[in-house]
Amino acid sequence: MNILETLAEEHRIFRRLLERLAKSVTLEESAARKEIQNTLLLLFPVLDAHEKIETIVFDPAHLDQGAKCQGFFQKVSHQHEQIHKLRKEVLDMRGNSRKRSFEDLKMGALELIGLLNYHFELEERELWPEYSQFLRSTAAHSIGRRVTQKLKEMELELGKRWELVEGLLAS
Ligand SMILES: [Fe+2]
Ligand SMILES: [Fe+2]
């Protein structure tokens, strides 16, 4: 798999989880609360992998440094900070969801979905096309291999958690 295909696959997995989260807010309160908690649990390994994968992909050491590249890096690091903040929000939401009113929790989940989707769209529309111009061709192969490996690890971890969540739902 090449680098952009791996990134696209990762976004597809993310979007599936966000759809699950969107569906969970439409349920009645006790089912919704449970399902929101479960989906947040599933989101963690994907968020972690997202950060790790993008640290490898956007490593300045493998990109051509030039004036045009500076603007690109600013966008990358801004997006990186945003996703880091969202990760913290997911953590907080999971920790304090019982204390929050149902309306507030639903609003928080919908806001999270909106912000994450915005992040992915921006990456796909702006960062990925630019990335191809700056990546050194000599580094493409090794980066591709490393990110594919990270994606596999994430899928494995997600699979384990998914089984756990489905087991909880069945019991
Ligand atoms: Fe990202
Ligand atoms: Fe991404």
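**Notes on a five-helix model**

1. Buried residues make up 20% of the 171 residues in the protein chain. Keep in mind as you read on that this is a predicted model.

2. The overall layout is quick to describe. The protein chain has 5 helices and 0 strands, so to speak an α-α-α-α-α pattern when read along the sequence. Taken along the principal axes, its C-alpha atoms fill a box of roughly 55 × 30 × 20 Å. As for contacts between residues at least 6 apart in sequence, 85% of them join residues at least 24 apart.

3. Helix 1 is a good place to start. Its 22 residues reach 32 Å from the first C-alpha to the last, close to the 32 Å expected at 1.5 Å a residue. Buried in helix 1 are I3, T6, L7, E10, H11, L18, L21 and S24. They cover an arc of only 130° around the axis, which means that they sit on the same side of helix 1. R12, E19 and K23, on the other side of helix 1, are exposed. As background, an α-helix has 3.6 residues a turn, so residues three or four places apart point the same way.

4. Next, helix 2, which covers residues 29-57. With 29 residues at 1.5 Å each, helix 2 should span 42 Å, and its end C-alpha atoms are 41 Å apart, which agrees. There is still a kink of about 25° in helix 2 to look at: it lies at L43, shortly before the proline P45.

5. Now the core. The largest nonpolar core has 23 residues, and V57 and V147 are those with the most contacts inside it. Two or more residues each come from helix 1 (3-24), helix 2, helix 3 (67-96), helix 4 (102-134) and helix 5 (137-170). Helix 2 gives the most to this core, with 8 residues. In soluble globular proteins, nonpolar side chains tend to be buried together.

6. What does V57 touch, leaving out residues up to four places away in sequence? The list is I3, L7, I143 and V147. I3 and L7 also appear among the buried residues of helix 1, and V147 shares with V57 the most contacts inside the core.

7. One last residue to click on is K34, in helix 2. Is K34 buried, exposed or partly exposed? K34 is partly exposed, because 16 other C-beta atoms lie within 10 Å, while a residue needs 20 or more to be buried and 12 or fewer to be exposed. K34 and L168 are 134 residues apart along the chain, yet their C-alpha atoms are separated by 9.9 Å.

Conventions: Residues are numbered from 1 along each chain as its sequence is written. Chains are lettered from A and ligands numbered from 1 in the order in which they are written. This is a predicted model: local features need pLDDT of at least 70, side-chain atom pairs count only at pLDDT 80 or more; totals for chains, interfaces and linings use all residues. Helices (H or I, at least four residues) and strands (E, at least two) are DSSP runs, numbered from the N terminus. The expected span of a helix is 1.5 Å times one less than its number of residues. The bend at a residue is the angle between axes fitted to the seven residues ending there and the seven starting there. A nonpolar core is a set of buried Ala, Val, Leu, Ile, Met, Phe, Trp, Tyr and Cys residues joined through C-beta atoms within 7 Å. Two residues are in contact if their C-beta atoms, placed from the backbone, lie within 7 Å. The arc is that of the directions from the helix axis to the C-beta atoms.
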